[in-house]
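Here are some friendly notes to read with the structure open beside you. They start with the sheet and then turn to a few side chains worth a look.

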Amino acid sequence: MKIQIWAIGKAHDKELKGAIDDFTRRCNNYFPVEWNIIPMPKNAGMMSEMDLKKKEGELLLQWIEERYFVVALDEKGKQFTSSALATFIQSRAVASTKRLILIIGGAFGLDEAILKRADVTWSLSQLTFPHQLVRLILIEQLYRAFTIMRNEKYHHQ
């Protein structure tokens with residue numbers, strides 16, 4: 001299974017990039033993981049929140065193939081414990097999922113069209129985080145899930 005993380009916005013923040021790259025390298029020991037940073041639409045600053053989300057949704061839908069298993073990160077989504085996330089990822093691997101796509105929306109979240117297309121909607125927390133920090137939290141939680149799947153020592157219960 002190949003895992004792709006799609007994030008709308010700017011490149012990784014320079015203060016977080018080292019940690020994101022480190023966890024991405026670690027994750028690649030378990031499953032191939034790659035980032036796809038999708039630039040915000042042109043004139044994003046001139047658009048209303050609704051128009052911007054719609055435009056971002058249209059961009060994402062052009063890239064999502066029918067065969068992809070899509071996980072949309074959204075504050076209203078299902079919350080997982082780290083162990084439950086490991087079980088979820090393992091179930092996708094056992095189900096022979098070829099490509100697992102995790103999508104982080106822009107500043108205002110994901111358009112309803114993406115949430116409807118998603119196979120799973122996942123909330124990292126009830127707290128609100130900056131989008132750049134969500135990237136680090138997400139990749140660290142993936143690494144934690146992978147180590148749980150292999151019963152390695154990183155995760156302490």
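1. **The sheet.** This is a predicted model, and a good place to begin is its open sheet of 5 strands. Their order is β2-β1-β4-β3-β5, with parallel pairing. At the edges are β2 (33-38) and β5 (120-122), each of which pairs on one side only. From one strand to the next, the twist averages 30°.

2. **Strand β1 and its partners.** β1 pairs with β4 in the parallel sense over 6 bridges, and Ala7 stands opposite Ile104 in β4. With β2, the pairing of β1 is again parallel, over 6 bridges. Here you can use Ile3 as a marker, since its bridge partner in β2 is Val33. β1 is also mostly covered, as 6 of its 7 residues are buried.

3. **β3 beside β4.** Strand β3 (residues 69-78) runs parallel to strand β4 (residues 99-104), and 4 bridges join the two. If you would like one pair to click on, try Val70, whose bridge partner in β4 is Ile101.

4. **A helix across the sheet.** Helix α2 (residues 49-63) lies across β1 (2-8), β2 and β4. The helix runs at about 160° to β1.

5. **His12.** Please look next at the loop between β1 and α1 (14-27), where His12 is found. Is His12 buried or exposed? With a relative accessible area of 15%, His12 falls under the 20% cut-off, so this residue counts as buried. Its side chain makes a polar contact of 3.2 Å with the side chain of Arg135. Leaving aside neighbours within four places in sequence, the residues in contact with His12 are Lys17, Ile20, Asp21, Trp35, Ile37, Gln132 and Arg135.

6. **Aromatic pairs: Tyr30 and Phe146.** The model has 10 aromatic pairs. In one of them, the ring centres of Tyr30 and Phe146 are 5.6 Å apart and the planes are at 40°, so the pair is tilted. This pair links distant parts of the chain: Tyr30 is in the loop between α1 and β2, while Phe146 is in helix α5 (residues 131-149), 116 residues apart. Both Tyr30 and Phe146 are buried.

7. **Aromatic pairs: Phe69 and Phe88.** Phe69 and Phe88 form a tilted pair too, with 6.1 Å from centre to centre and 50° between the planes. Phe69 belongs to strand β3 and Phe88 to helix α3 (residues 82-94), so the pair ties together parts that are 19 residues apart in sequence. Phe69 and Phe88 are both buried.

8. **An aromatic cluster.** Which residues join Tyr30 and Phe146 in one aromatic cluster? The others are Phe23, Phe31, Tyr143 and Tyr154. One member, Tyr143, has Arg26 lying over its face, at 5.2 Å from the ring centre.

9. **A charge over Phe69.** Finally, come back to Phe69 in strand β3. The charged end of Arg92 sits over the ring of Phe69, at 3.9 Å from the ring centre. In this picture, Phe69 has Phe88 as an aromatic partner and Arg92 over its ring.

Notes: Residues numbered from 1 in each chain as written. Predicted model: local features only at pLDDT ≥ 70, side-chain atom pairs only at ≥ 80, totals over all residues. Heavy atoms only, no water. Pairing = 2+ DSSP bridges. Axes fitted to C-alpha atoms, helices over the stretch in contact; angles between N-to-C directions. Contact = heavy atoms within 4.5 Å. Buried < 20%, exposed > 50% of the residue type's maximum accessible area, 1.4 Å probe, protein only. Polar contact = N/O pair within 3.5 Å; in protein donor to acceptor, adjacent residues only side chain to side chain. Phe/Tyr/Trp six-rings, centres within 6.5 Å; stacked < 30°, edge-to-face > 60°. Lys NZ or Arg CZ within 6 Å of the ring centre and 35° of its normal.
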